[in-house]
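Hi,

Here is the structure I promised to pass on. Have a look at it first, and my notes on what turned up follow below.

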Amino acid sequence: MADRNVSDSHQERVPSRRSQPSPTQIDEGVRPPPRHFLEMLLRMGPGMIIAAAVVGSGELILTPRTGAEAGFTLLWLIILGCVSKVFVQVELGRYAIQSGQTTLLAINRLPGPRFRVHWMLWYWVVMFVVSLAQLGGIAHGVGQALALAFPINGSFTRLLAAQEQWDAEAARARQEVLDELRRTGHGREKIPARSEIETKVRQRLGRPRPNYGVGASWLTDDLLWAVVICLGSIPLLTCGRYRLIQWVCTILVAIFTLVTVFCVVALQFQPDWAITWRDLASGLSFQLPPGANRWAALGTALATFGIIGMGTNELITYPYWCLEKGYGRYTGPYDGSSAWVSRALGWMRVMRADAFLSMVIYTFATAAFYILGAAILHRANLIPSGAQMIAHLSEMYVPVFGSWTKLFFLTGAFAVLYSTFFSAMAGHSRVAADAVAIVVTGESGKQGPPQRWVIAFAIGFPVFALLTCLWYREPVGLIVASGFMQAIMLPMLAGTALYYRYRECSPALRPGILWDICLWISATALLIAGIAGAWMGLRQLLAG
């Protein structure tokens, strides 16, 4: 699927760059591309950073939850969600290298209705706000992990204990209610709806299930830790102290992911939890989960589709990282020469290798998290949600390593979620600042996103995430909502990639027929996921 050369005699249509540097600037920025794979590895960066940091809310929370709800049957959808986006990713990166333009500027240049800016940018704004709310859910997840490992006043662990006690009593009361219904002559088809049964259970117990603000203190210490996380990140974001934190978190995430993969292998030596070939075959058979819970499981899976691997936000920010890495600067502005074509093809080759290698890594890791959720949480009937989200997720590692690994999981969960929170805040601040420049001037900033806006957003976004976390105390719900919004935007990004592939791509940089086939298959998959995600989101909204 390598790019093919076309004669330079062809008339080429190349978008203008944001600025045309002088010959001296061109000579200083242009670099020849690496020719050997080992040299290419040293020049990779954007995709490899994603591969290390991508194990975030989608992989750690939604992917195991999907496995817990659906069992192995939706493994095919999770793998498709990782693999299908890479072709759109590369096409957006190709345009960025060729034109030197950011993703939002490329979207703003599309034909179609405009309300000062392109209509797709307004949808992006809505999706972006929901994504910020998702970071509130992630901050809450970090707070849960820290409250279990380092409790401040023990209020969160007391809440969990109260919930577990209530659940045990409710299970007995539920069985008593069902037994009474059967004794009174109700057939299975005449048993009341589940909601009515749960109402009878609560009446029998005489109290509702303990929850945030219900039978527990209003501000439990998991929320106190979330306050520390959000407010404590502001000086680090505004001062730009990214590197040390990102490297430490990346190393911890890599270790945590490797241990997760090891757990999947080690399960084969546990007869009660071993994964059979029949399990894997059912997961790759393109079927929906059986039972009445199938639609809830499919809804979670479609939300997961939008944010696992190279999620929608990562697809948007990937070209920014390619430009920051220097691929566009090293190529230089288009001058019609064969030397420019050679440099462009060479740096695009590096970008493509970077994208595909990272795709292999994060697909493998995401599949491991899904399989653990299906093999352990589904069989144990544990659905991570609410206050018990992190506690239930930690159970995935107990069959292999024992109860002591819960502390290891909490450390890994902190590294995974905080790495996602911190890097997303840093990336969102830059992309949002670029959006402001586009709305105000119609162009991206010539020297990058306006720094004053980057700093302003680095202060405002953590505060917004914190307020969301305190107001809506269901972290999984926030992450699912963001997943739906991102899934809906996937076909828009696919359409953007197709437009620039056929309308703006230089003939000398056009890919071959096999690549185009894969790109269209990828775009079709994202279109189906977007339509299905919109339908499932509307279905859940109407259902309350």
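Let's start with confidence, given here as pLDDT (the predictor's confidence in each residue, from 0 to 100). In the protein chain, the lowest mean belongs to helix H1 (residues 23–29), at 46, and the highest to strand S2 (residues 117–118), at 92. Helices here are DSSP runs of H or I with at least four residues, strands are runs of E with at least two, and both are numbered from the N terminus.

A note on conventions: this is a predicted model, so local features need pLDDT of at least 70 and side-chain atom pairs count only at pLDDT 80 or more, while totals for chains, interfaces and linings use all residues. Residues are numbered from 1 along each chain as its sequence is written, and side-chain values use heavy atoms, with hydrogens and water left out.

The mean pLDDT of the protein chain is 80, with 84% of its residues at 70 or more. Take care with residues 1–27, where pLDDT stays under 50. The model still has 68 contacts for that stretch beyond four places in sequence, a contact being heavy atoms within 4.5 Å.

As for the overall build, the protein chain has 23 helices and two strands. Of its 544 residues, 56% are buried (under 20% relative accessible area; exposed is over 50% and partly exposed is in between, with a 1.4 Å probe and protein chains only). Among contacts with a separation of 6 or more, 86% join residues 24 or more positions apart.

One helix pair is worth a look. The axes of H15 (residues 312–325) and H22 (residues 475–503) come within 8 Å and cross at roughly 40°. Axes are lines fitted to C-alpha atoms, for helices over the stretch in contact, and angles run from 0 to 180 degrees between N-to-C directions. H15 and H22 are therefore oblique to each other (under 35 degrees is roughly parallel, over 145 roughly antiparallel, 65 to 115 roughly perpendicular, and the rest oblique). H15 contributes Thr312, Asn313, Leu315 and Ile316 to the contact, and H22 contributes Gln486, Ala487, Met489, Leu490 and Leu493. That makes six nonpolar residues, three polar and no charged (nonpolar: Ala, Val, Leu, Ile, Met, Phe, Trp, Tyr, Cys and Pro; charged: Asp, Glu, Lys and Arg; polar: the others, Gly among them).

Just past H22, in the loop before helix H23 (513–542), is Glu504. Glu504 is buried at a relative accessible area of 4%. Its C-alpha is 9.5 Å from that of Gln98, although the two are 406 residues apart in sequence.

Gly81, in helix H5 (residues 75–83), is buried too, at 0% relative accessibility. Leaving aside residues up to four places away in sequence, Gly81 touches Phe305 and Ile308. Between the C-alpha atoms of Gly81 and Ala529 there are 8.8 Å in space and 448 residues along the chain.

If you check backbone torsions, which residues other than glycine have a positive phi? Two to look at are Arg116, at about 75°, and Asn381, near 60°. Arg116 is in the loop between strand S1 (114–115) and S2, and is exposed at 59% relative accessibility. Asn381 lies in the loop between helix H17 (338–380) and helix H18 (389–393), and is exposed as well, at 64%.

Cheers
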